[in-house]
Amino acid sequence: MATDQRKPLPFVANFAAGAIAGVSEILTFYPLARRLLTRNLDVVKTRMQLETGKAKHGMVGTLSSIVREEGFGRLYRGLVPPLLLEAPKRAVKFAANDFWGKTYMGFSGESKMTQQLSVLTGLSAGATESFVVVPFELVKIKLQDKTSTFAGPIDVVKQVIKKEGPLGLYAGMEATFWRHVWWNGGYFGCIHQVRSMLTPAETQQGQLFNNFVSGSVGGFVGTLINTPFDVVKSRIQGAAKVPGVVPKYNWTYPALMTIMREEGPAALYKGFLPKVLRLAPGGGVLLLVVEFTLGAFRKALGPPYI
């Protein structure tokens, strides 16, 4: 059956494919040592973003400073929340992208995904995903802060709820929303564009390669677009709340202006290098695994899905 005549896979298949991609990224495509290295980069990225004023260290300098002053084990602070989040986050990302894609195609009357619809679909998927990740991101930031005294993830949750109530776990929701909206919009929109530019694959290996390239470029572009919002999110979630005092970083767009005015435009890209070193190839791996898994589902289900 021609590709454009295949029946779309059900929502649960896309949800499962995203979850499998998340798990595969951890257990299969990334050996433990490499996975821990990517989380080292995440700690470095967070530290660079939490540093106010002129940057004192680059990526290597920040990494060396953490090891020298706080010990090697500090690099693995905040490791548990992202690992626990990986499967559900990826599942929501790709299932939401599929759902919104079908919805917008239905509204517009288009029979195929267009560049404009792919961007809109990605933006909507990012908005959906943001509601899932906020508490995990908050716990991670609290643990990775240089001044953190929390014993672990559970201690962060207990202390936040005790001081701020359950809604305290959703501090930085607005900034997280914008971070995921712009990353997913850039990621999925770029994937559609890059795929249209690549030579159509004639073999399964060629298709996997095209998916990896498209996803990697999408991961780079998404990171380029969303890093300023990630900086703001880290500042908001890393700050300790003082009763009666309005936080310096409260809402996303005013915070962007504050950082730019006080620290210069380059400050909005603090932590970009360690972030893109994780998310560019990671975006390629995710798309490769998702598309491979969806293809396996189609073969297993048979007509009219193939």
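Which residue follows α9, and what is the sign of its phi? In this predicted model, in which local features need pLDDT of at least 70, side-chain atom pairs count only at pLDDT 80 or more, and totals for chains, interfaces and linings use all residues, helix α9 is followed by Gly 264, whose phi is positive, near 95°. Residues are numbered from 1 along each chain as its sequence is written, and side-chain values use heavy atoms, with hydrogens and water left out.

Helices here are DSSP runs of H or I with at least four residues, numbered from the N terminus. The twelve residues of α9 (residues 252-263) should span 16 Å at 1.5 Å a residue (1.5 Å times one less than the number of residues), which agrees with the 16 Å between its end C-alpha atoms. Its buried residues (under 20% relative accessible area, 1.4 Å probe, protein chains only) are Thr 252, Ala 255, Leu 256, Thr 258, Ile 259 and Glu 263. Viewed down the axis of α9, these residues fall within an arc of 165°, and so line one face of the helix, the arc being that of the directions from the helix axis to the C-beta atoms.

Aromatic pairs (rings of Phe, Tyr and Trp, the last by its six-membered ring, with centres within 6.5 Å; stacked under 30 degrees between planes, edge-to-face over 60, otherwise tilted) number 13 in the whole structure. The rings of Phe 99 and Trp 100, with centres 5.0 Å apart and planes at 75°, are edge-to-face, whereas Trp 100 and Tyr 104 are stacked, at 5.7 Å centre to centre and 25° between the planes.

Conventions:
Helices (H or I, at least four residues) and strands (E, at least two) are DSSP runs, numbered from the N terminus. Buried means under 20% relative accessible area, exposed over 50%, partly exposed in between (1.4 Å probe, protein chains only).
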